[in-house]
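Q: Please take a close look at one loop residue and its surroundings. I would like to see how that spot fits into the sheets and cores around it.

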Amino acid sequence: MKKKLICIVAAAAVVSALGTAAMADDKAPQVFINNAQIMFADQEPVILGEGHTVVPARGVFEAMGAKVTWDGEKREVEVESKDRNTIINLAIDDNTMRVYDMSNMFASIFTTGGFEAPETLVALDVAPLIMEDTGRTMIPLRAISEALNADVKWDGDAYTINITTADAPASYDGVPAFALSTGSDTVAEGETVDIYIEASNIPDGKFVSGVTATVRYNKENFEFVDAQLMNGDSTFEDAMGVANDKFSDDMVKAVYVTIDAEHAAKTDGKVMKLTFRSINGKEGAFELSNGYRTDIGYNSSLLLDAIDESVDSSGSTEYLGNDFYVSTDPVWVNRADE
């Protein structure tokens with residue numbers, strides 16, 4: 001996916017309710033797509049009736065690469081698959097979902113001059129609805145996910161819904177990746193410790209022009225101080241961005257970009273440093289988030305640009321979602337002896 005750098009800079013500045021049907025459970029399940037947790041900004045999933053989950057119309061399916069459109073006059077939701085081969089139409093309070101197969105559209109147009117998409121009618125256990133107190137449109141999770149050729153599994157013990165998309169990679173070998181490391185595994189009360197974002201599999205001829213990193217940490221024992229872009233063991237000042245330690249109750253999100261190809265990282269190694277101060281000398285784990293927040297997008301990403309535009313003029317490339325691997329293995333500081 002290609003992005004203009006100015007769009008990334010602009011993005012850096014942007015840092016449960018009962019509806020018309022009775023809820024079966026007031027506890028919201030966690031939803032994961034290809035192991036990335038979906039963080040719902042203002043409306044959690046709701047379980048209705050006999051255990052059927054509805055979710056906000058946007059967010060979940062956009063994380064799967066789909067395009068979601070709301071028609072206020074018709075009170076209808078349209079979901080178009082990432083590959084544009086499937087269009088799903090749902091109407092508020094209507095228990096019938098219409099699924100259209102668009103895969104032969106262009107061939108039909110060129111051979112016959114017209115195209116009528118094959119339609120499949122799917123009976124829904126719960127109809128789409130609008131939440132009374134939030135006004136959010138909620139649509140059925142399983143039925144739409146399966147219509148998008150995704151696999152859906154319910155884990156009752158963990159109270160989670162795990163969705164695997166049809167294009168989920170079998171392996172992340174060789175793709176750009178992030179992992180955490182630490183400058184020290186011990187720090188005294190009042191002192192600081194550096195947590196590093198380590199990038200791997202950076203393609204030849206590219207430099208790291210932007211890093212978005214979201215790190216979960218214990219805010220009772222540590223406070224966030226600062227973030228900087230790095231090139232190996234060196235930090236540099238020619239970068240622009242923001243860090244928001246109010247991103248969530250237990251996370252900080254840092255977004256930094258640069259056009260300084262000379263000093264930016266071009267090979268695998270440290271690409272960002274986040275500094276934390278120990279509040280009380282107690283232990284804490286630091287963990288990268290590969291999640292997706294429904295109002296912003298993926299929590300972590302990597303932006304690359306060509307070192308020599310005369311050789312490679314392809315522009316900026318942003319890695320996120322299935323194109324990018326984020327290790328969620330934690331690093332510990334002041335870990336007590338087991």
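A: Start with a side-chain pair. In this predicted model, the side chains of Asn 34 and Thr 165 are joined by a polar contact of 2.9 Å. Asn 34 sits in the loop between strand S2 (30-33) and strand S3 (36-39). Is Asn 34 buried or exposed? Its relative accessibility is 16%. The cut-off for buried is under 20%, so Asn 34 counts as buried.

Now its contacts. Leaving out residues up to four places away in sequence, Asn 34 touches Ile 163, Thr 164, Thr 165, Ala 168 and Asn 322. Thr 165 thus appears twice: in this contact list and as the partner in the polar contact.

Next, the strands on either side of the loop. S2 and S3 pair antiparallel, over two bridges. Ile 33 stands opposite Ala 36 in S3. Both strands belong to an open sheet of six, ordered S13-S14-S2-S3-S24-S25. The pairing in that sheet is mixed. Strand S13 (151-155) and strand S25 (297-298) are the edges. Each has a single partner strand, so one side of each lacks a neighbour in the sheet. In general, strands of a sheet pair through backbone hydrogen bonds, parallel or antiparallel.

Then the cores. The largest nonpolar core has 38 residues. The members touching the most others are Phe 178, Ile 197, Val 211, Met 272, Leu 274, Phe 276 and Phe 286. Strand S17 (residues 206-216) gives this core its largest share, five residues. Apart from this core lies another, of 32 residues. Ile 33 is one of its members, and others include Phe 61, Met 64 and Leu 141. Ile 33 therefore links two parts of the picture: it faces Ala 36 across the strand pair, and it belongs to the 32-residue core.

Back in the largest core, take Met 272. Neighbours within four places in sequence are set aside here. Met 272 is then in contact with Ile 195, Tyr 196, Ile 197, Val 211, Ala 213, Gln 228, Leu 229, Met 230, Ala 254 and Tyr 256. Among these, Ile 197 and Val 211 are also on the list of members that touch the most others.

One further sheet completes the view. This open sheet has five strands, in the order S6-S7-S8-S9-S10, with antiparallel pairing. Strand S6 (67-71) and strand S10 (119-123) are its edges, each pairing on one side only. From one strand to the next, the twist averages 20°. S6 runs antiparallel to strand S7 (residues 76-80), and five bridges join them. Asp 71 stands opposite Glu 76 in S7.

How values were computed
Residues are numbered from 1 along each chain as its sequence is written. This is a predicted model: local features need pLDDT of at least 70, side-chain atom pairs count only at pLDDT 80 or more; totals for chains, interfaces and linings use all residues. Side-chain values use heavy atoms; hydrogens and water are left out. A nonpolar core is a set of buried Ala, Val, Leu, Ile, Met, Phe, Trp, Tyr and Cys residues joined through side-chain atoms within 4.5 Å. Buried means under 20% relative accessible area, exposed over 50%, partly exposed in between (1.4 Å probe, protein chains only). Helices (H or I, at least four residues) and strands (E, at least two) are DSSP runs, numbered from the N terminus. Contact means heavy atoms within 4.5 Å. A polar contact is a pair of N or O atoms within 3.5 Å; within protein, one must be able to donate a hydrogen and the other to accept it, and residues adjacent in sequence count only if both atoms are side-chain atoms. Two strands pair if DSSP finds at least two bridges between them. Axes are lines fitted to C-alpha atoms, for helices over the stretch in contact, and angles run from 0 to 180 degrees between N-to-C directions.
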